[in-house]
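Q: Please take a close look at one part of this model. Begin with a single residue, then work outwards to what surrounds it, in plain terms.

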Amino acid sequence: MNKLGDIYIAELTDNKIDKASLRWMLLNKKNIPISSALFPPIPSTFPFDAFLIDEIDLLKKTSTLQCYDKESESDDLQDIASHLKLGYLGKGKPYFTDININFSISHTSNREDIDLKTHTNISKKTVWGCAFSDCEIGLDLQFVRQVKYGEIAEKYFSELENEFVRKHGINGFFQVWTRREAIGKAVAEGFFINDNDFKGSVDENFELLQEIEYQGKNLELFTHRFAENLWCSCCIVKIG
C-alpha cells in the first residue's frame, strides 16, 4: 500500500508547539529531529509513516524563533517568524497562506491524578501530533480516559456508531470519537459535522468503514492505537 503521508508525534513537557516552530517543521520536514525511541510495529493497513520527535532537539533547532509581532518592521525574509501568515478555513482549520502544504495538528493530555501515598499531584502527559499529506487531511489523537462515554455517544454519535460503542466499550468510543474529529478537521467543519444525513463511519455489521462519502467528497479513514491508551485517526479527502 502506498503511503499517504507522515505523522510526527511528540511527548511535550509544555502543552504545545508554537506557530513558528510548526512553520519551521512544515518547511524542514527532512530535518525534523527524530527520537531513537520507537513505536510498536505499525500495521500495513495504516498507510502513514509515523515518527517520534525528539522534543529537546526540536527546541534547540527552533529556540531562536520568535512569536509573530504585528508591530515588527523586520524585512528579513529568512526570519521564519517575521512573516507568519496563518489563516483558518471553515470552523477553525488552520493553514499557512503562503505555504502549499496540507497538514493537520492535534494534541491530547492525560488528566492529572493524585498519588494516594503522598497525596500530591502527578504531572500529566501531553502528546502533540502533526500529519502531512498530498491530500487534505485531518488528524486526531486521544488518550483513553474515564468519561461518561455512553451518554456522550448517545448525544453525538449515529445509531450504528452507538452500537459499535456498546459492543467495544470505552476503546470503541475513542475510536469513533477520533474518527469524527479527523473527519471534521479534513472537511473544515469541526466535530459537530453539519449534515443531518451523516450516518458516521460504522457499517451495518458494526465494523469501522475505511471509505465514506460526505457532501460529495470521497473520504478515507484510518485508525490505529499507538499505545495501550492512545488512539489516532486520520482522514484524507481523496483527490479525484
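A: Phe206 sits in the loop between H4 and S10. The model is a predicted one, and what follows describes that prediction. The phi angle of Phe206 is near 60°, which is a positive value in a residue other than glycine. Is Phe206 buried, partly exposed or exposed? Phe206 counts as partly exposed because its relative accessible area is 27%, and that class lies between the limits of 20% and 50%.

On one side of this loop is helix H4, residues 159–186. On the other is strand S10, residues 211–214. S10 has two unlike faces: Ile212 and Tyr214 make up the covered one, while Glu211 and Glu213 make up the uncovered one. S10 is joined to S11 by four bridges, and the two strands run antiparallel. One place to see this pairing is Glu211, which stands opposite Glu220 in S11.

The link between S10 and S11 is a hairpin with two residues between the strands. Gln215 is found in this loop. Like the residue we started from, Gln215 is not a glycine and yet has a positive phi, here about 45°.

Next comes strand S11, residues 217–227. S11 is joined to S12 by a hairpin as well, again through two residues. These two strands pair in the antiparallel sense over eight bridges. The bridge partner of His224 in S12 is Cys232. As a reminder of what such pairing is, strands of a sheet pair through backbone hydrogen bonds, either parallel or antiparallel.

How much of strand S12, residues 230–237, is buried? Eight of its eight residues are. Both faces of S12 are covered. Leu230, Cys232, Cys234 and Ile236 are buried on one side, and Trp231, Ser233, Cys235 and Val237 are buried on the other. This can be set against S10, which has an uncovered face with Glu211 and Glu213. For the protein as a whole, 44% of the 240 residues count as buried.

S12 also pairs with S9, in the antiparallel sense and over eight bridges. In that pairing, Gly138 stands opposite Cys235. So far, then, S12 has been seen to pair with S11 and with S9.

S9, residues 136–143, leads on to the largest pocket, since S9 and H4 are among the elements that each supply at least two residues of its lining. This pocket has a volume of about 620 Å³. Of the 31 residues that line it, the closest to its centre are Leu22, Pro94, Ile105, His107 and Trp128. S5 gives the most to the lining, with five residues. Sorted by class, the lining holds 14 nonpolar, eight polar and nine charged residues.

Trp128, one of the residues closest to the pocket centre, is also a contact of Ile9. Ile9 is found in strand S1. Why does Ile9 count as buried? Its relative accessibility is 2%, and the limit for buried is under 20%. Leaving aside neighbours within four places in sequence, the contacts of Ile9 include Phe39, Phe51, Leu52, Ile53, Val127, Leu141 and Phe226. Ile53 is 44 residues away from Ile9 along the chain, but their C-alpha atoms are separated by 5.8 Å. Contacts between distant parts of the sequence also appear in the overall count: among contacts between residues at least 6 apart in sequence, 63% join residues at least 24 apart.

S1 belongs to an open sheet of four strands, in the order S2-S1-S8-S5 and with mixed pairing. Its edge strands are S2 and S5, each of which pairs on one side only. The twist from one strand to the next averages 20°. Within this sheet, S1 and S2 pair in the parallel sense over five bridges, and Ile7 stands opposite Ala50 in S2. Helix H1 lies across S1, S5 and S8, and runs at about 40° to S8. H1 is another of the elements that supply at least two residues of the pocket lining.

To place all this in the whole, the protein has four helices and 12 strands.

Technical notes. Residues are numbered from 1 along each chain as its sequence is written. This is a predicted model: local features need pLDDT of at least 70, side-chain atom pairs count only at pLDDT 80 or more; totals for chains, interfaces and linings use all residues. Side-chain values use heavy atoms; hydrogens and water are left out. On a 1 Å grid over the protein atoms alone, a cavity is a set of points where a 1.4 Å probe fits but cannot get out, and a pocket is an open set with protein on both sides within 12 Å along at least five of seven lines; lining residues have an atom within 4 Å of a point. Grid points are joined across faces, edges and corners, and a volume is the space filled by probe spheres set on the points. Ala, Val, Leu, Ile, Met, Phe, Trp, Tyr, Cys and Pro count as nonpolar, Asp, Glu, Lys and Arg as charged, and the others, Gly among them, as polar. Two strands pair if DSSP finds at least two bridges between them. Axes are lines fitted to C-alpha atoms, for helices over the stretch in contact, and angles run from 0 to 180 degrees between N-to-C directions. Contact means heavy atoms within 4.5 Å. Buried means under 20% relative accessible area, exposed over 50%, partly exposed in between (1.4 Å probe, protein chains only).
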